[in-house]
Amino acid sequence: MFDFFKKKRKATLVLGGGSARGIAHVGVLKVLEREGVAVERIVGTSMGALVGAAYCMGHSIAELEDAVNKFTVNKLLDPTMPSMGLLAGDKMEAIIKDLVGDKSFEECKIPFVAVTTDIETGEEVIYHRGAMTKVVRASCSWPGIFNPVRIDGRLLSDGGIKNSVPTRIAKSFGADYIIAVDVGFCVRRGRIDNIFQMILQSFQIMGEELNMYQANEADVVIKVNLGDIDQTAFNRGREAMIKGLEAADSKIGLIKKDLRIK
């Protein structure tokens, strides 16, 4: 009888890292939008930052689906003389710019927060104001694979180093109901033959451990079972989106009940 007087909770969506596996976030967004779950803020790291930025900027689900269906590993490859990374990252920045343009965080239709890591100090660096493109690029820049990005005197790299599913960051912005999307990692068992595989595998092992306790701080965790879809499998983007949709469908009843959505 007292439900009428209860304050309606608002959802903050936390999108974790995962590179190609993070394409599953589009499927999750599709379900939330379809079911009328209003999101008051998105907090994203790594691929979650890219998908989150594009959605908060106003891109439709159909536009996001079209963008990720055209995505390939080759579109990211711009080898450079190794100093801080094997890839320059300029091609990745061009892709990000195509999605968010020269816009700022303040121009987002839904408030958006991007998570990065200062690779020189180990500190997390959070952005919710100012220009977006280079910040999102920094958040997506795997250490050793992509060159880090110098912003405001800080050398910034992948947000997933410290915050693979940044629920704690969402809480710091006053979130009272957190939906976290955990796309997991693909730790492979077998022979490592080159530096790229070694760096990637190290990231998988580290990320899997972080996800175990960071995601569980959310009110609801949408854990997407992506099987053997690894971080470079952009050719399986449609499959990842379907998996994200299925995972969100399995939790949507609980979310709607918690948020009192009919």
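The exchange below goes through the helices, loops and cysteines of a predicted model.

Colleague: How should the numbering and the values be read?
Modeller: This is a predicted model, in which local features need pLDDT of at least 70, side-chain atom pairs count only at pLDDT 80 or more, and totals for chains, interfaces and linings use all residues. Side-chain values use heavy atoms, with hydrogens and water left out, and residues are numbered along each chain as its sequence is written, from 1.

Colleague: How many helices and strands does the protein chain have?
Modeller: Helices (H or I, at least four residues) and strands (E, at least two) are taken as DSSP runs and numbered from the N terminus. On that basis, the count for the protein chain is 8 helices and 10 strands.

Colleague: What percentage of the residues in the protein chain is buried?
Modeller: Buried means under 20% relative accessible area, exposed means over 50%, and partly exposed is in between, with a 1.4 Å probe and protein chains only. Of the 262 residues in the protein chain, the buried share is 53%.

Colleague: What share of the contacts in the protein chain with a separation of 6 or more comes from residues 24 or more positions apart?
Modeller: A contact means heavy atoms within 4.5 Å. Among contacts in the protein chain with a separation of 6 or more, residues 24 or more positions apart account for 76%.

Colleague: Is helix α1 largely enclosed or open, and how many of its residues are buried?
Modeller: The buried residues of α1 include Ala-24, Val-28 and Leu-32. Helix α1 is largely enclosed by the rest of the structure, because the buried residues number 8 of the 11.

Colleague: At what angle do helix α1 and helix α2 pack?
Modeller: Axes are lines fitted to C-alpha atoms, for helices over the stretch in contact, and angles run from 0 to 180 degrees between N-to-C directions. Angles under 35 degrees count as roughly parallel, over 145 as roughly antiparallel, 65 to 115 as roughly perpendicular and the rest as oblique, and α1 and α2 are therefore oblique to each other. With their axes 10 Å apart, α1 (residues 24-34) and α2 (residues 47-56) pack at an angle of about 40 degrees.

Colleague: Which residues in α2 are met by α1?
Modeller: On the α1 side, the residues are His-25, Val-26, Leu-29 and Glu-33. The residues of this contact of α1 with α2 divide into 4 nonpolar, 2 polar and 1 charged, where Ala, Val, Leu, Ile, Met, Phe, Trp, Tyr, Cys and Pro count as nonpolar, Asp, Glu, Lys and Arg as charged, and the others, Gly among them, as polar. The residues met in α2 are Gly-48, Val-51 and Tyr-55.

Colleague: How is α2 placed against α4, and which residues of α4 make the contact?
Modeller: The axes of α2 and α4 come within 9 Å and cross at roughly 25 degrees, which makes α2 roughly parallel to α4. By class, the contact of α2 with α4 has 6 nonpolar, no polar and no charged residues. From α2 come Leu-50, Ala-53 and Ala-54, and from α4 come Ile-96, Leu-99 and Val-100.

Colleague: Why does Cys-108 form no bond with Cys-56?
Modeller: A disulfide is a pair of cysteine sulfur atoms within 2.5 Å, and a search of the whole structure finds 0 of them. Cys-108 is buried, at a relative accessible area of 13%. The closest cysteine sulfur to that of Cys-108 is in Cys-56, which is too far for a bond at 5.4 Å.

Colleague: Which residues does Lys-109 touch, not counting those up to four places away in sequence?
Modeller: Lys-109 lies in the loop between α4 (90-100) and β4 (112-118), and this residue counts as exposed at 65% relative accessibility. Gly-58, in the loop between α2 and α3 (61-69), is 51 residues from Lys-109 in sequence but 6.1 Å away in space, C-alpha to C-alpha. With the sequence neighbours set aside, Lys-109 touches Cys-56, Met-57 and Gly-58.

Colleague: Is Ser-46 buried or exposed, and what is its relative accessible area?
Modeller: Ser-46 is found in the loop between β2 (39-45) and α2, where this residue has a positive phi of about 55 degrees although it is not a glycine. Ser-46 is buried, and its relative accessible area is 4%.
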